[in-house]
Amino acid sequence: MPRIERGHYGGEFEEVQSQTQAEARSVQTRNMNAGWQMKQAGTNEWVDAQVPGTNFTALLQAEKIEDPFYGENEDRLQWIEKEDWEYQMSFEITQKDLINDKIELVFDGLDTYADVYINEQLVLQADNMFLKWHVSCKNQLVVGSNHIRIFFHSPLKKAEPSFNKTGLIFPAENDKTENHLSVFTRKAPYHYGWDWGPKFVTCGVWRPVSLRFIKDLIIRNVQIHQESITPDKAAFTAAIAIESNISQSCTLEAKINGQKVGNLEIDLTEGINDSVLPFDILEPKLWWPAGMGKQHLYEIAFEVVGLKTTDFQSKRIGVRTFEVVNKSDEHGQSFYFKVNGRPFFAKGANYIPSDSFLDRVTPEKHEQIFKDSVDANMNMLRVWGGGIYENDIFYDLADEYGIVIWQDFMFACTMYPWDNDFLENIEKEAVSNIRRLRNHACLGLWCGNNEVQMGWDNWGWDKTFNYSDKDQKRMYKGYEKLFHELLPKLVKEYDAGRFYFPSSPISNWDSLEKFSYGDQHYWGVWHGEEPFENFKKFVPRFMSEFGFQAFPVLESVKKYVKSEDLSIESPAMNVHQKHPRGNQLIKEYMLRDYSEPKDFESFLYLSQVLQAQGMTVAFEAHRRNMPFCMGSLYWQLNDCWPVASWSSIDYYGKWKALHYAARHGFNNLLISFDQSETELQAYIVSDFMADIEGSLEVTVMDFTGEKQYEKHLNIKVEANTSQIYFKDQLETLLDGKGKTNRVLKATFRQGNEVLSSTLYYFDSPKNLRLERPEITFQMVEKDAQLQVTLNTNTLVKNLYISLDGLEGSFSDNFFDLLPGESKMVTIPVSETFDITAHEVKILTVNDASLSS
Ligand code: BMA
């Protein structure tokens, strides 16, 4: 598969590799990311500044501030958002450069209110972090040294006049600024604080900068539209906008692997020239989401030929059909995805930006997100509306890894202003981002916002903020204008055929009837304090959010607080717990299912075991109920800083117990149990594309490993279904013996290969008679892998193994270990790895509580 050349951001110019000689190119791009400096406005102390970057990261690198994520530093750094900041850099321009017809300064992103001066002449006043800016600047440039200065206004100060004019405090309850100023500024909402995120309201040149020299013409835009697919042929059209400085005839060509697949004669005139170029891919190979097939991608090169100079753009596309089926049916209203005509169950999570300081999210960090997603058998991520429209590379990776992207527009949990200037700004933002993302194979849908309609209907904003009837009417009219009129109109115009809906979820989680319609965020567990068991009752047509918090493990916590702060309620730990009832809820739920943990480390560990246990109930309930329910996206995949949160991967990239549980719960073949008063039933849920014949083995044993029940069944598991394949009476299974020291193991094999295996307990973990185990292990280093083989004399629940100072990814962790079955865990290690230098630590539920 062709992989594109990656820069830090993967912006447009970096993906362009002309097939023509450089001299003949009409467009030359010069990287302008080096040599920047930054200072606080009104001072004279310049420091070197990385671009892409932010004021915070520049200050940190210059050692002007301490690590914002450490201890209680967040509070100490709040002054930064109130100040203005200036960036500057100098560059050379030659006589030859000035021969070009046009020269543009291109900012892939400015955060956010930025006045840009070239040689002290104002050329741009930016006001939207999500926009890319092209500034025509030939007239401002001189031969020799040139200077760019950017004045970044404090986003808070800049929003104040809008607030004063409106006279309304908008209901942005996650925004920790005094008057919820975030709503007036088109900047990542999570920068103002969230219930998992710190408040760092940044400024800076957050995406790459370049200078673009244009001779005769430039391809401004390419939109590829798939017209039809048959096994013989996929037919496309490419709508191409060329900006020309000349009037001349030429040819537009489309090529795949150097082979011409389409061409069009065009008569260029000065200005924008729109053309539609049809092209075909013969015997197309389809693109599938992960787990369903391969991710075939075609790189198409569009080139203008027949002129003195040329321009070139390449786009990578997948051949596939996509449909979101959101229609009335016998239950209510469906909500599911179909790819290449096949309905599929969406498995995945909600993605938030991977850092508060976005320049730190490297291509490697992005790639790790996708590796971790695919390793956990996911096929979908939701880019949630309180973050950012991600970098190009994010969507490139989603294409490559087969992760379907549910894309929110960046609006979350509040109403918004509705004045014309604001709406015009949003229109530019939406058009720019729709254009940028629409050719990606991974793009599944557009959603207007996160939880705005739900909040408006249910969260009592009218009372909390004392809105008059008139204000309420105005506010909601503004809402309708933006989410029911403007955004759907733009999606239709710029990305025709892609599904759009105004707000996720479709309704609130307060009554069961609503679960028959569309997508849901079920927060009865956690916010509503309902038991995990309620995940079985509140099964929607598509679950786009549900979650439960856990702490990072001790090795991670030690990275962000001092040793004297290692207790749950220490001030530093509290800075890193943003949910007001977070600790209390974790403790409450924990004591429902586990005995009190014996110390801080056991508490952290048990919080993860608890989170994984609760979420497993949900994963299985959702999947057992397919095709009624067709999606399970949990809240949330990742963190933007080290914190107690709903994430399954902590800020440092360490998988929590939940991520291992997601891998199991999202396996293409899942064995899942449902217990009534007297009977136990085993469902097998298959997301496979074909039926599978194999054997199901069910055994029940006590915690010393002694078997008392055994059954083998030869079965055919039907593709893309959830069905019951086994049931038996509890009495028979337990053989009249106690349920507190018995475990059932079910394994599905195709030939000798184990496709799925599950353990089932007949009682809550708290009631299980777990003994203090004797665990033995052997370690061997082989082929740059450390292999740890573990054994036990009695059943061990949720064994967590760590090796002091070893950061690598463990092939498994937090697993149950049965006596008589050894388990090997592998960890990649370097050549110089020294086995003796790392102390092994093992935590278990058996040992974690005060009573054990
Ligand atoms: C959902 C999300 C976020 C929030 C999470 C946990 O509502 O959309 O706003 O962080 O719940 O409270």
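Two strands count as paired here if DSSP finds at least two bridges between them. Keep that in mind as you click around this model, which is predicted.

**Stop one: the sheet**

Select strand S1, residues 27–31, and then strand S12, residues 209–214. The two run antiparallel, and five bridges join them. For one rung of that ladder, pick Val27: its bridge partner in S12 is Ile214.

Now bring in the rest of the sheet. It's an open one with four strands, in the order S1-S12-S5-S8, and the pairing is antiparallel. Which strands sit at the edges? They are S1, where you started, and S8 (133–136), each pairing on one side only. Going from one strand to the next, the twist averages 25 degrees. As a reminder, strands of a sheet pair through backbone hydrogen bonds.

**Stop two: a helix pair**

Jump along the chain and select helix H15 (residues 600–624) together with helix H16 (residues 657–665). Their axes come within 8 Å and cross at roughly 20 degrees. Angles under 35 degrees count as roughly parallel, so H15 is roughly parallel to H16. The crossing of H15 past H16 is right-handed.

Turn on side chains to look at the contact. From H15, show Gln608, Val609, Gln611, Ala612, Met615, Thr616, Phe619, Glu620 and Arg623. Facing them from H16 are Ala657, Leu658, Ala661, Ala662, His664 and Gly665. What mix of residues makes up this contact? Colour by type and you'll find eight nonpolar, five polar and two charged.

Terms used:
Residues are numbered from 1 along each chain as its sequence is written. This is a predicted model: local features need pLDDT of at least 70, side-chain atom pairs count only at pLDDT 80 or more; totals for chains, interfaces and linings use all residues. Side-chain values use heavy atoms; hydrogens and water are left out. Axes are lines fitted to C-alpha atoms, for helices over the stretch in contact, and angles run from 0 to 180 degrees between N-to-C directions. Angles under 35 degrees count as roughly parallel, over 145 as roughly antiparallel, 65 to 115 as roughly perpendicular and the rest as oblique. A crossing is left-handed if the near helix is turned anticlockwise from the far one by less than a right angle, and right-handed if clockwise. Contact means heavy atoms within 4.5 Å. Ala, Val, Leu, Ile, Met, Phe, Trp, Tyr, Cys and Pro count as nonpolar, Asp, Glu, Lys and Arg as charged, and the others, Gly among them, as polar.
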